Amino acid sequence: MERNLRNVLIISFGFLLLFTAYGGLQSLQSSLHSEEGLGVASLSVLYAALILSSMFLPPILIKKLGCKWTIAGSMCCYITFSLGNFYASWYTLIPTSIILGLGGAPLWSAKCTYLTIAGNSYAEKAGKNGKDIINQYFGVFFLIFQSSGIWGNLISSLIFSQASNKVEISEENLACCGAYDCMTDTTNSTGAAELSSSLIYTLLGIYTASGVLAVLLIAILLDQIKSDQAETEKEILETPSFWSTFLATFQHLKDKRQCLLIPLTIYSGLEQGFLSGDYTKTYVTCALGIHYVGYAMICFSAVNSFCSLLFGKISQFTGRKLLFALGLYGVLFEKHKEAAFANYRLWESLGFVIAFGYSTKLQVYIKLYILLSVLVLSMVTYGAVEYLEARRSPGTPTATKKENLGALTQDTHM
């Protein structure tokens, strides 16, 4: 097997193991740790730390440690979150959430840098186009990585299904589920009450072991970037410079189109936060039991992946106006991609922080009204973006926009 492709597969399976654990844990936080809103509070802190991390840490760590050891070290930050869940309290989950958030941005930045260098390296040897090889490598990565949403949730459901003392949920408790939840720890966690400590520790042990295997896979098998590739890494990190990108993130808000896209980007974080923090707790755990959370999230992950492929194909015929997505950041701001995507990560993470922050303060039906209101506002402001874009570039070839959209819809992860 060609060495660069081997390294891509090592990174891909490393991320698969890591996010099998993290994805499963995130779906369960609001159900496992509902007392005083500890679970959702930890997630809110996590994404706040991620915002700070994305602004400062990635270029510093990658320059000091290199891509390989930045990935390995950042993965260790995720393992601490799994360990914190063994003895969940405000003194364990909040600090480990901060650690995970700080490690999130360097992890993804180092991964992107490594795949880019590997793609360019192979393209140079094979005499092929670098962008084509890089797109292939990212395609392989996401093909493997996206299945983590299935495996992590499947493991949790299979383990929690072994509970011997399953509780029958009363009509009184069912009345407190869903949109008009009673906002009490006892009613919304009834479905989780059936779990023994041994089952929870078993799950956490599997998740922790999965994270450890990911670190070992990267540390032992992944090649360090060679000295003749170091200049490429340096160029990726320094062009543009860190501080220029940081300032450009906020200077980019002078563009009306960027400001008009903020509601849509925040909505993305709000919606995903609602799914992880509220839907799993008040609809699934409360009404069916915590062992169904994994199955529900598997359905979401499977349909999400299918629709990503389906809509990508449909957009070739309908254009982006009927099937708009966050990949539009790269289409609309081709000359300022770094600042545009930095804004995307900033505002989406803010949406997560807000969603988890008010999770225990408002009833679900109020949150649904908030989501619908932001969605309607997003549709209106997005329409304004399309109007402004049509006035700015009426002669832009449609084919080029479609090509850019397809290439850029992949990079929407942590």
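What share of the 414 residues of the chain count as buried? Here are my notes on that and a few other things.

1. **Overall picture.** First, a reminder that this is a predicted model. The answer to the opening question is 51%. As for secondary structure, the chain has 16 helices and zero strands. The contact pattern leans heavily on sequence-distant pairs: take the contacts between residues at least 6 apart in sequence, and 86% of them join residues at least 24 apart.

2. **α1 against α4.** Helix α1 covers residues 3–32 and helix α4 covers residues 130–145; their axes come within 8 Å and cross at roughly 30°. An angle under 35 degrees counts as roughly parallel, and therefore α1 and α4 are roughly parallel to each other. The crossing of this pair, α1 with α4, is right-handed. If you want to pull up the contact, the α1 side is N4, L5, V8, L9, I11, S12, F13, F15, L16 and F19, and these meet Y137, V140, F141, I144 and F145 in α4. Sorted by class, the residues of the α1 contact with α4 are 13 nonpolar and two polar, with no charged ones.

3. **α3 against α4.** Helix α4 also packs with helix α3 (residues 93–126): the axes come within 8 Å here too, and cross at roughly 135°. That makes α3 and α4 oblique to each other, because the angle falls outside the parallel, antiparallel and perpendicular ranges. The crossing of α3 and α4 is right-handed. On the α3 side you'll find W108, K111, C112, L115, T116, A118, G119, N120, Y122 and A123, and on the α4 side G130, I133, I134, Y137, F138, F141, F142 and F145. The class count for the contact of α3 with α4 is 13 nonpolar, four polar and one charged. Worth a look in the viewer: Y137, F141 and F145 of α4 are listed in the contact with α1 and again in the contact with α3.

4. **The disulfide.** How many disulfides does a search of the whole structure find? The search turns up one. The disulfide joins C177 to C286, with an S to S distance of 1.9 Å. The torsion about the S-S bond of C177 and C286 is about -75°, so this disulfide is left-handed. The two ends sit in distant parts of the chain, 109 residues apart: C177 is in the loop between α6 (171–174) and α7 (185–188), while C286 is in the loop between α11 (256–285) and α12 (293–318). Both C177 and C286 are buried.

5. **Cysteines without a partner.** C76 is in no disulfide, and the nearest cysteine sulfur, that of C77, is 7.1 Å away. C76 has a relative accessible area of 36%, so C76 is partly exposed. C112 is in no disulfide either; for C112 the nearest cysteine sulfur belongs to C67, 9.9 Å away. C112 is also one of the α3 residues in the contact with α4.

6. **Around L264.** Two buried residues are worth viewing together with L264. S378 lies in helix α15 (residues 364–392) and has a relative accessible area of 1%, so S378 is buried. Beyond its neighbours within four places in sequence, S378 is in contact with P263, L264 and Y267. Y344, in helix α14 (residues 337–357), is buried as well, with a relative accessible area of 3%. Y344 and L264 are 80 residues apart in sequence, yet their C-alpha atoms are 9.7 Å apart in space.

7. **α8 and the start of the chain.** L217 is in helix α8 (residues 197–221). Which residues does L217 contact, leaving aside neighbours within four places in sequence? They are I10, F13, G14, L17 and L222. L217 and F15 are 202 residues apart in sequence, with a C-alpha to C-alpha distance of 9.9 Å. F13 is thus in contact with L217 and is also among the α1 residues that meet α4.

8. **A backbone point to check.** E36 has a positive phi of about 55° although it is not a glycine. E36 is in the loop between α1 and α2 (38–84), and its relative accessible area is 63%, so E36 is exposed.

Definitions and conventions. Residues numbered from 1 in each chain as written. Predicted model: local features only at pLDDT ≥ 70, side-chain atom pairs only at ≥ 80, totals over all residues. Heavy atoms only, no water. Axes fitted to C-alpha atoms, helices over the stretch in contact; angles between N-to-C directions. Helix = DSSP H or I, 4+ residues; strand = E, 2+ residues; numbered from the N terminus. Parallel < 35°, antiparallel > 145°, perpendicular 65-115°, else oblique. Left-handed = near helix turned anticlockwise from the far one by under 90°. Contact = heavy atoms within 4.5 Å. Nonpolar A, V, L, I, M, F, W, Y, C, P; charged D, E, K, R; others polar. Disulfide = S-S within 2.5 Å. Buried < 20%, exposed > 50% of the residue type's maximum accessible area, 1.4 Å probe, protein only.
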